[in-house]
Amino acid sequence: MPFFVIAGKFHCVNYSPDGDTIRFAPNDLSELALLQGVPAKVNARGHTSVRVEAIDALETHYGGRHQPLALANEARNALLAFLGISDVVWDTNQSSVLSATDGVDGYILARATDKFGRIIGFLFPGAPSGPSGSDVFVRPAMLDASLNRFMLQEGLAFPTYYQTLFGELRTALTQTVQQARAANKGIYAVDRTNTLSTIENIGSLTETLVLMPKLFRRASDYVAEAGSIRGFKDALELNEEPVFDLVELNYTHFDTFIEEVGDQIRLTRKPEELVFDPMPERPGGEFRAMVNEIEPALQEG
């Protein structure tokens, strides 16, 4: 299935961009109807949200929590600079952009939205080589100029793959990830995703440990509700979050790859070895409900 070229401008003023999401104003809003999935949400400024395909940057703001901010902000700033946005002035909390030289030309290659109405795509600065609204078959070499590959190449974000990403593209991006990890670039110099790490409290997750953001989100939701990490694997099992294991080539659940020892957890697969299901039938935030189900049993034990 082809992707569609959609030209427009990238914006950040009065928004809170992070290392994997940015606002985008298509030159022709009607081109958004080309995308599969729920209709893309467009605000009064004619802007929509674009989620960068295949990557997950450290959280700058998630449920009132964040991951280690030096690296999270580095990813956010790199995204803006790559797209050509400059002179960024943040509010006192470093969370919202007060002013910037934005509205810069760029384009996306996309074919679908997610369940939240965000476009999932490959992002590029400048003008596309073909007409906006046209379709194109994306080959691995075409990703060389993308923000997506840049973020992985520099160790600014973790790979996070979903079933909607074609295998050929996934393989090419994984090669980039492996090179960045071998060179200890960026997050890979301090990554603890696959190492048993002690979680004493929520501060261990927000201030100290560098984990794959998907694991951080699940773990921080759990610790915020339960008070400790103990019982996390059981709670995750209740969630039945489907994944495809690229090592054993079979479908299973995310909890299969969680090792929990006392107050320590780790992921037993590298992030690029898993392919996640977008779970479109779930509204989001469902993991908190699972925590609430298991918490009474933990208290009894």
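In what order do the three strands of the open sheet lie, and with what pairing? In this predicted model, the order is β12-β16-β15, and the pairing is antiparallel. The edges of the sheet are formed by β12 (197-198) and β15 (258-261), each of which pairs on one side only. Two bridges hold β12 and β16 (residues 264-267) together in the antiparallel sense. A handy residue to find here is T198, whose bridge partner in β16 is Q264. Helix α6 (residues 232-239) packs on this sheet, where it touches β15 and β16. The direction of α6 makes about 150 degrees with that of β15.

It helps to step back to the chain as a whole. The protein chain is divided into domain 1 (3-136) and domain 2 (192-295). Taken over C-alpha atoms, the centres of domain 1 and domain 2 are 27 Å apart. Twelve residues from domain 1 and 22 residues from domain 2 take part in the contact.

The nonpolar interior can be viewed with this division in mind. The largest nonpolar core has 79 residues, and those touching the most other members are F10, I22, I108, F122, L123 and F232. This core lies between domain 1 (3-136) and domain 2 (192-295), because both of them give residues to it.

Strand β3 (residues 48-52) offers a clear example of a covered strand. Five of the five residues in β3 are buried. Which residues of β3 lie on each side? T48, V50 and V52 are on one side, while S49 and R51 are on the other, and both faces are covered. R51 is thus among the buried residues of this strand, as are T48 and S49.

The pairing of β3 can be followed strand by strand. Strand β2 (residues 21-26) runs antiparallel to β3, and four bridges join the two. Within this pair, F24 has T48 of β3 as its bridge partner. With strand β8 (residues 119-125), β3 pairs in the parallel sense instead, over three bridges. There, V50 stands opposite I119 of β8. T48 and V50, named in these two pairings, belong to one side of β3 together with V52.

Two residues deserve a look for their backbone angles. D87, a residue other than glycine, has a positive phi near 55 degrees. D87 is placed in strand β5 (residues 86-90). Is the side of the chain at D87 buried or exposed? D87 is exposed, and its relative accessible area is 58%. L249 is not a glycine either, yet its phi is positive, at about 60 degrees. L249 is found in the loop between β13 (242-245) and β14 (250-253). L249 is exposed, with a relative accessible area of 59%.

A word on confidence rounds off the description. The pLDDT of the protein chain averages 93, and 93% of the residues score at least 70. Over residues 293-301, however, the pLDDT is below 50. This stretch has eleven contacts in the model beyond near neighbours in sequence. Predicted coordinates should not be read in detail where pLDDT is low.

Notes. Residues are numbered from 1 along each chain as its sequence is written. This is a predicted model: local features need pLDDT of at least 70, side-chain atom pairs count only at pLDDT 80 or more; totals for chains, interfaces and linings use all residues. Side-chain values use heavy atoms; hydrogens and water are left out. Buried means under 20% relative accessible area, exposed over 50%, partly exposed in between (1.4 Å probe, protein chains only). Two strands pair if DSSP finds at least two bridges between them. A nonpolar core is a set of buried Ala, Val, Leu, Ile, Met, Phe, Trp, Tyr and Cys residues joined through side-chain atoms within 4.5 Å. Domain bounds come from an automatic or database domain assignment. pLDDT is the predictor's confidence in each residue, from 0 to 100. Contact means heavy atoms within 4.5 Å. Axes are lines fitted to C-alpha atoms, for helices over the stretch in contact, and angles run from 0 to 180 degrees between N-to-C directions.
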